[in-house]
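Here's a quick briefing on the model you have open. Take a look at it first, then run through the points below.

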Amino acid sequence: MYKRKITNSQVVCLTLLWGVLCYLLLTYSSKIDFRVIFTLVASAVIVFVPIYKNRKQFDK
């Protein structure tokens with residue numbers, strides 16, 4: 001199965017979108033508790049681990 005390399009502009013776009021969603025979550029939540037922090041950490045893992053794996057695979 002062929003995987004395409006994620007370009008720098010795609011990484012920047014995904015990072016900015018993730019940052020905006022985190023900002024919205026933090027500003028519109030009534031209080032910052034474990035659930036909010038867990039959501040931010042889980043979303044970071046979901047977004048950045050595949051990016052890291054893709055970049056590491058094609059940097060060889």
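Start with the buried side of helix 2: the residues tucked away there are Val36, Leu40, Ala44, Ile51 and Asn54. Their packing partner is helix 1, residues 8-28. Keep in mind that this is a predicted model.

**Helix 2: length and bend**

- Helix 2 covers residues 34-58, 25 residues in total, and at 1.5 Å a residue it should span 36 Å.
- The C-alpha atoms at its two ends sit 36 Å apart, so the span agrees with what you'd expect.
- There's a kink of about 25 degrees in helix 2, and you'll find it at Phe48.
- The proline Pro50 follows shortly after that kink.

**Leu40, on the buried side**

- Leu40 belongs to helix 2, and its relative accessibility is 15%, which is under the 20% cut-off, so it counts as buried.
- What does Leu40 touch, once residues up to four places away in sequence are set aside? The list is Trp18, Cys22, Leu25 and Leu26.
- Lys5 is 35 residues from Leu40 along the chain, and the C-alpha atoms of the two are separated by 26 Å.

**Asn54 and the segment before helix 1**

- Asn54 is also part of helix 2. Is Asn54 buried or exposed? With a relative accessible area of 9%, against a buried cut-off of under 20%, it's buried.
- Leaving out neighbours within four places in sequence, Asn54 is in contact with Arg4, Lys5 and Ile6.
- Ile6 sits in the segment before helix 1, and its relative accessible area of 18% is under 20%, so Ile6 is buried too.
- Seen from Ile6, the contacts are Val11, Ile51, Asn54 and Arg55, again not counting residues up to four places away in sequence. Two of these partners, Ile51 and Asn54, are themselves on the list of buried residues of helix 2.
- Ile6 and Tyr52 are 46 residues apart in sequence, with 9.8 Å between their C-alpha atoms.
- Thr7 is in the segment before helix 1 as well. At 38% relative accessibility, it lies between the 20% and 50% cut-offs and therefore counts as partly exposed.
- Thr7 and Asn54 are 47 residues apart along the chain, and their C-alpha atoms are separated by 10.0 Å.

**The nonpolar surface patch**

- Which residues make the nonpolar surface patch? They are Leu26, Ile32, Ile37, Val41, Val45 and Val49, and the patch comes to about 490 Å².
- Helix 2 is the main contributor, giving the most to the patch with 4 residues.
- Ile37, one of the patch residues, is located in helix 2. Its relative accessibility is 42%, between the 20% and 50% cut-offs, so it counts as partly exposed.
- Leu26 turns up twice in this briefing: it's part of the nonpolar patch, and it's among the residues that Leu40 touches.

Definitions and conventions: Residues are numbered from 1 along each chain as its sequence is written. This is a predicted model: local features need pLDDT of at least 70, side-chain atom pairs count only at pLDDT 80 or more; totals for chains, interfaces and linings use all residues. Side-chain values use heavy atoms; hydrogens and water are left out. The expected span of a helix is 1.5 Å times one less than its number of residues. The bend at a residue is the angle between axes fitted to the seven residues ending there and the seven starting there. Buried means under 20% relative accessible area, exposed over 50%, partly exposed in between (1.4 Å probe, protein chains only). Contact means heavy atoms within 4.5 Å. Patches are made of residues with over 30% relative accessible area and no salt bridge: like charges are joined within 9 Å, nonpolar side chains (Val, Leu, Ile, Met, Phe, Trp, Tyr) within 5 Å. Accessible areas come from the Shrake-Rupley method with a 1.4 Å probe; for residues, only the protein chains shown count as cover. A salt bridge is a side-chain nitrogen of Lys or Arg within 4 Å of a carboxyl oxygen of Asp or Glu.
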